[in-house]
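Let's take a walk through this one, from sheets to helix pairs to a few backbone oddities. Have the viewer open as you read.

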Amino acid sequence: MRILMFGWEFPPHITGGLGTACFGLTKGLAKNGVDVIFVVPKAYGDESEEAVRLVNASDIRFDFKDENYNEYWERIKYFEIGSNIVPYVGPEEFSRVYKKQQKTGEEITSNVFSRDYKFSGKYGANLMEEIARYALVASALSLKEDFDIIHAHDWLTYPAGVAAKESSGKPLVVHMHATEFDRTGENVNTIVYGIEKEGMEKADRVITVSNLTRRTVIEKYGIDPGKVITVHNAVDQDMFSEIAGVKKYLKEKIVTFLGRITFQKGPEYFIEAAAKILRKDPNVRFVMAGSGDMLNKMIERVAQLRIADKFHFTGFLKGEDIDRMFALSDVFVMPSVSEPFGIVPLEAMRSSVPVVISKQSGVAEILEHALKVDFWDVDAIADSIYGLCHYEALSKTFVKYGKEEVENLKWEDASKKIKNVYEPLLV
Amino acid sequence: MRSICFYFQVHQPYRLRTYRFFDIGNKHNYLDDYTNKMILKRVAEKSYLPMNQILLDLIIEHGSNFKVSFSISGIALDQFETYHPEIINSFKKLAETGNVEFLTETYAHSLASLKSKDEFTRQVQMHAEKTERLFGQKPVTFRNTELIYSDEIGSMVADMGYKLMLTEGAKHILGWRSPNYLYHSAKNPELNLLLKNFRLSDDIAFRFSEQSWKDWPLTTDKFTNWLSNIKPEEEVVNLFMDYETFGEHQWVETGIFDFMKALPGDVFSNTNFKFATPKEIGSKLKPVSALSVPTPISWADEERDLTAWLGNDMQDEAFDKLYQLEDKVKTCNDPQILNDWLYLQTSDHFYYMCTKWFSDGDVHSYFNPYGTPYDAFINYMNVLSDFIIRVENNSKTTKDDFSGLKEAVSNIAGKVENVARKTARATSQKAKSTFEKGSKIKFEDIKEMSDTMIKKLLKEIKIEELTVVLKDAEKELTDKVLPNLSKRAKKKYEDFEQELKKVNISDIKKYKKKIEDKIKNL
């Protein structure tokens with residue numbers, strides 16, 4: 001069985017959990033005897049190809065004189081019109097540009113239809129243009145490569161997945177790692193929503209990372225429940241690095257929030273809980289590690305609550321600093337308002353840090369040894385933190401069994417379930 | 001005669017290094033030595049040294065008609081001494097002319113006047129001493145950080161014995177009145193106030209190179225013309241500004257140095273003004289009226305208030321948390337802590353946290369080493385968090401030392417008391433037993449007596465009687481007594497014992513009593 005898989009990022013060049021999940025998943029599939037051709041918009045050359053053959057979309061060039069080019073275009077145009085991603089280059093525009101090129105012989109550069117296209121592979125201003133170009137590449141690849149099933153990760157790659165399906169006629173699986181509702185609350189971007197919905201409608205199967213996400217997909221996108229299957233994420237055991245010999249210079253217990261400081265992650269509930277605890281117990285320090293559009297507001301709130309001598313901000317952490325942060329922590333808190341899965345608490349547990357997680361996170365569905373609270377219930381968050389800081393019997397139990405629990409969340413098992421999703425699609 | 005009073009503020013903060021959460025409790029070096037050194041070097045070369053030379057030349061040229069005044073923050077002086085002692089020498093040369101007055105301020109260029117009279121007074125004394133030591137003048141005029149003034153601050157300054165203080169001629173305080181007179185504090189009439197003429201001061205300090213300004217370019221002709229248009233009865237024009245105006249805020253290319261070189265000569269030829277120091281003006285002029293300033297003013301921004309340093313949540317949090325430490329810091333005996341305590345008080349740290357970027361954003365961002373006020377706050381709080389730990393530990397050890405001493409003292413006292421009590425108890429017991437002995441001595445008490453005493457006793461008693469008494473006495477008693485008999489007495493005793501067949505109880509009683517009496521009288 002061979003899968004043509006479309007992703008947006010791949011370790012080590014990642015900005016969030018998506019790349020990490022894709023990496024673990026492909027390694028798990030390899031162990032289950034599934035071949036994967038993994039396509040990214042921009043490859044840097046230092047990605048691990050132990051489990052996949054990596055295809056760099058930036059390397060795909062198009063020749064306007066090529067007969068096939070028109071064919072690719074024919075196969076993807078419906079999508080662009082339908083979702084309005086690239087309103088400024090509809091078919092008429094393309095036709096005009098194409099004719100001009102034929103007449104003058106001049107090279108067309110810097111748009112979706114140029115011969116060469118440099119993907120940034122980021123989430124920048126040209127994102128929509130990159131998504132469109134990616135679909136064009138997908139259409140071409142799907143005719144060239146030999147594979148059985150197409151698998152696309154998150155909305156950025158759905159146009160590519162659908163284009164590949166249209167070109168090749170092969171079945172499509174889309175994988176919902178997060179929905180637009182998770183990212184933005186109720187202020188959804190209708191274009192993104194549209195791409196997600198269309199991708200899932202055109203797909204033969206939809207994989208969701210939690211039952212929480214599955215419900216969202218069914219209730220808010222109106223997708224047929226019969227084709228939506230939950231496969232919980234797992235943990236790439238090799239990714240963890242517990243660093244030894246981190247010396248603690250602070251005598252207080254350290255309670256940590258680590259993640260993007262955005263609406264989705266509920267940072268304000270962490271701060272309110274911290275203030276409640278600090279009013280009673282000065283022997284605790286709180287750390288908010290990360291960056292995001294709500295950071296400044298959170299700093300102001302901490303100042304306003306007059307707890308800034310016990311509540312610290314580290315800014316964005318990466319690599320070894322994350323390991324250090326876990327090594328210093330006594331409790332980890334993830335008060336997410338909406339979290340399709342949530343891998344960070346698992347990293348914390350692996351580093352022997354007991355965790356408090358919100359019931360509104362997908363990971364809460366599979367974890368036993370974590371305190372689970374409603375994100376809005378600041379008192380409950382404060383209680384849980386206080387308990388883990390002071391009742392050693394509780395924290396010791398959580399540390400011991402939590403570590404075991406995480407070690408048993410293997411991608412090999414999750415990938416087996418994914419393989420089970422693929423199998424009925426093979427004709 | 002009318003006077004122009006030039007006052008220049010010289011200050012460079014100690015900028016903090018990037019201090020991360022991971023450093024808290026571990027690393028205690030807070031300063032960005034490299035940046036501080038580089039900036040000082042740049043400002044010295046572009047501003048302090050060339051401008052000092054210009055002023056020196058002007059004093060030599062115009063003699064006693066040209067005078068200026070300075071205050072140099074203690075923090076700036078510390079940095080001069082550390083990084084660039086040449087600057088100190090250059091100011092010393094100016095001091096030696098006698099035409100330059102050195103004012104005093106808070107050592108740390110701090111906002112202590114808003115929080116703690118003790119700390120404020122302490123820092124002013126420190127600064128006055130340092131200024132006197134370096135420049136040979138005991139300061140008599142006071143200027144507060146950023147010209148911050150209120151009635152209450154005036155009282156603290158007056159309590160320190162100063163009779164003259166500089167502040168801002170803020171419009172909302174003066175109303176229709178002119179800043180070009182000497183005023184006095186409403187609450188402390190002894191304290192006179194010199195007010196900055198902000199229009200003419202800022203024409204030089206801020207607008208000099210502003211090409212959109214209608215009076216650009218500013219020439220000495222224009223400036224002296226404005227001076228001569230001042231009403232003839234107005235007595236003094238106070239031109240107060242940052243010394244970095246010359247060469248740093250206004251670059252050499254703007255012509256600021258040429259302007260200053262030409263200004264005194266043109267003032268003398270085009271106006272009836274001369275230059276004077278604050279001290280001279282304070283002693284020459286009579287205050288025209290009282291000035292009441294219930295809420296603090298400063299020379300900053302359009303508002304002339306404190307909002308550049310205090311007022312938003314971050315500034316207030318940092319400021320309050322810092323000064324909550326004051327009492328504890330004062331019990332610390334670590335000189336490094338006391339030093340850091342000063343450096344953390346510098347007003348610039350709070351200025352970096354200012355969020356009102358809109359009207360005065362340019363000036364603020366020019367001086368700000370941080371990208372945003374949020375970065376400034378986080379970095380400062382990280383440093384402060386570490387400082388708090390050090391203060392807690394040090395004041396605890398101080399406390400521990402003290403309580404240890406107390407404990408030792410009470411231990412010793414306790415021991416002494418115990419010993420005394422034991423001795424007393426023993427003595428009284430001895431006395432008691434002696435007394436008891438005296439009252440009811442028994443024959444059997446001989447067992448308790450020393451051999452010496454027994455020997456003494458034996459000399460007093462008849463051997464026959466002893467023989468009778470010991471006839472049926474317990475073995476312990478006879479064993480105690482007999483070895484003490486002399487050879488002769490022992491022979492006698494043995495002879496008597498042979499003869500003695502039967503003893504009369506009444507005899508025993510009688511002789512016992514006799515012996516007991518002897519014991520009593522030993």
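Which strands does helix H11 (residues 320-328) of chain A lie across? H11(A) lies across strand E8 (253-258), E9, E10 and E11 of chain A, and runs at about 140° to E8(A). Contact here means heavy atoms within 4.5 Å, while axes are lines fitted to C-alpha atoms, for helices over the stretch in contact, with angles from 0 to 180 degrees between N-to-C directions. Helices (H or I, at least four residues) and strands (E, at least two) are DSSP runs, numbered from the N terminus.

Some housekeeping: this is a predicted model, where local features need pLDDT of at least 70 and side-chain atom pairs count only at pLDDT 80 or more, while totals for chains, interfaces and linings use all residues. Residues are numbered from 1 along each chain as its sequence is written, chains are lettered from A and ligands numbered from 1 in the order in which they are written, and side-chain values use heavy atoms, leaving out hydrogens and water.

Back to the sheet under H11(A). It is open, has six strands in the order E10-E9-E8-E11-E12-E13 (chain A), and its pairing is parallel; two strands pair if DSSP finds at least two bridges between them. Strand E10 (311-315) and strand E13 (371-373) of chain A each have a single partner strand, so one side of each has no neighbour in the sheet. From one strand to the next, the twist averages 20°. Strand E11 (residues 331-334) and strand E12 (residues 355-358) of chain A run parallel and are joined by three bridges, with Phe332(A) partnered by Val355(A) in E12(A). Helix H10 (residues 295-304) of chain A also packs on this sheet, touching strand E9 (284-289) and E10 of chain A.

Chain A has another open sheet, this time of seven strands, ordered E3-E2-E1-E4-E5-E6-E7 with parallel pairing. Its edges are strand E3 (53-56) and strand E7 (228-230) of chain A, and neighbouring strands are turned by 25° on average, direction ignored. Four bridges tie strand E4 (residues 149-153) to strand E5 (residues 172-176) of chain A, and His153(A) sits opposite His175(A) in E5(A). Helix H5 (residues 158-168) of chain A packs on the sheet, touching E1, E4 and E5 of chain A.

Now for helix on helix. The axes of helix H9 (residues 267-280) and helix H13 (residues 378-390) of chain A come within 8 Å and cross at roughly 60°. That makes H9(A) oblique to H13(A); angles under 35 degrees count as roughly parallel, over 145 as roughly antiparallel, 65 to 115 as roughly perpendicular and the rest as oblique. Residues in the contact include Tyr269(A) and Ala273(A) of H9(A), and Ile381(A) and Ile385(A) of H13(A).

Over in chain B, the axes of helix H2 (residues 74-83) and helix H3 (residues 85-96) come within 5 Å and cross at roughly 120°, so H2(B) and H3(B) are oblique too. Among the contacting residues are Phe80(B) of H2(B) and Phe91(B) of H3(B).

Finally, the backbone. Most residues other than glycine have a negative phi, and most peptide bonds are trans. Trp216(B) and Pro217(B) are joined by a cis bond, omega about -5°, and Pro217(B) lies in the loop between helix H7 (198-205) and helix H8 (220-229) of chain B. Glu146(B) has a positive phi near 55°.
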